Amino acid sequence: MIVQTLEGRRAFIRENTRLQAPPHTPELALHLADEVTPIWKLTEEALEEIGLPPPFWAFAWAGGQALARYVLDHPELVAGKRVIDFATGSGIVAVAAMKAGAASVLAADIDVFCEAAVGLNAEANGVEIGFTDQNLLDAPPPPADVLLAGDICYERPMAEAVMAWLTQGRAAGARVLIGDPGRTYFPKDGLEKLAEYQVPTTRELEDLAVKRTSVWTLP
C-alpha cells in the first residue's frame, strides 16, 4: 500500500488537499482539505487495512488556530526556546512557533500521517520542524522550555492524561500553553485564561461556524 511510506503519504496529502491560509492565521500556509467528507472517505478506504485514525491533520481546528495566533502575536514566549507541540495534527502550532523564532520545535503525534503533513507544511512556510510519532504520554515530558497543546480534550481519558502530563512539564519548569474551543472535558480549574478569540471554522467540523476559543496557561 502506497500510503505505508512517507513519500506515499506526502503524495496522498498533496493530491487531496490544497495550500491555503487558515482564517485565523492568514500569514501561514497549510495543506488543508476543502471539504470533510471526501478526504475522510478516502482515508478510511486507504487506511482500513492498517487501522490509522481519521485525518485530523487535514484541518485547522479552532484550538490550534487560536494557540497559533497567540504564539504569533506573542513571539517572546517561544523566541530562542525549545518547544514541543503535543498532538500536532497539521502542525499549525509548530509552524507558528518556528515563525515566531523558536530555537527548535518537536511536533508530536501518534498518527504517522502527521509526519508527512508537518513536513509539507514546514516546507510551505520555510521552517524546519522535528517530528516524533512516539506516544509522549508514556513518559514524563522531554526537556523543553515551552509545551504547546491545541484541541486535546475531546475525550475524558485523553484529557485527563494530557493534563497530568502537562502538569508534570510545568513542574519541571516548562511554560504550558493550551488552546481549547470549549470542549466538554477541558478542565478550567487551576488554569489561567490568557486570551479569547472568535475563530472561523466549518459546520462540517464543529457545531458553530465561529467558535469562541481560548488560550490558557498553567500558572
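## T17 and the end of α1

In this predicted model, a polar side-chain atom of T17 sits 2.6 Å from the backbone oxygen of I13. T17 belongs to the loop that runs between α1 (6-16) and β1 (18-20). Its relative accessibility is 11%, so T17 counts as buried, the cut-off being under 20%.

## Overall build

The protein has six helices and nine strands. Of its 219 residues, 53% are buried. The accessible surface is about 9900 Å². Carbon and sulfur atoms account for 51% of that surface.

Contacts reach far along the chain. Take the contacts between residues at least 6 apart in sequence: 65% of them join residues at least 24 apart.

## Nonpolar cores

The largest nonpolar core contains 36 residues. V71, V78, V83, V105, I129 and L148 have the most contacts inside it. Seven elements are listed here because each gives two or more residues to this core: β2 (30-32), α3 (62-73), α4 (92-99), β4 (104-108), α5 (113-124), β6 (146-150) and β8 (192-200). Another core lies apart from it, with 21 residues. I84, A144, A159 and W165 are among them.

L148 shows what one core residue touches. Setting aside neighbours within four places in sequence, L148 contacts L67, V71, V83, I84, D85, F86, V93, A97 and L177.

## Helix α4

Seven of the eight residues of α4 are buried, so the rest of the structure largely encloses this helix. The buried ones are I92, V93, A94, V95, A96, A97 and M98. They pack against β2, α3, β3 (82-86), β4, α5 and β6.

Just after α4 comes G101. Its phi is positive, at about 105 degrees.

## Aromatic pairs

The structure holds six aromatic pairs. One is F56 with W61, a tilted pair. The ring centres are 5.9 Å apart, and the planes meet at 55 degrees. F56 is partly exposed, with 38% relative accessible area. W61 is at 13% relative accessibility and counts as buried.

W61 also pairs with F59. Here the centres are 6.2 Å apart and the planes stand at 80 degrees, so the pair is edge-to-face. The cut-off for that label is over 60 degrees. F59 counts as buried, at 6% relative accessibility.

Elsewhere, ring pairs join F12, W57 and F113 in a cluster.

How values were computed:
Residues numbered from 1 in each chain as written. Predicted model: local features only at pLDDT ≥ 70, side-chain atom pairs only at ≥ 80, totals over all residues. Heavy atoms only, no water. Helix = DSSP H or I, 4+ residues; strand = E, 2+ residues; numbered from the N terminus. Buried < 20%, exposed > 50% of the residue type's maximum accessible area, 1.4 Å probe, protein only. Polar contact = N/O pair within 3.5 Å; in protein donor to acceptor, adjacent residues only side chain to side chain. Core = buried A, V, L, I, M, F, W, Y, C linked by side-chain atoms within 4.5 Å. Contact = heavy atoms within 4.5 Å. Areas by Shrake-Rupley, 256 points an atom, 1.4 Å probe, with all protein chains shown as cover. Phe/Tyr/Trp six-rings, centres within 6.5 Å; stacked < 30°, edge-to-face > 60°.
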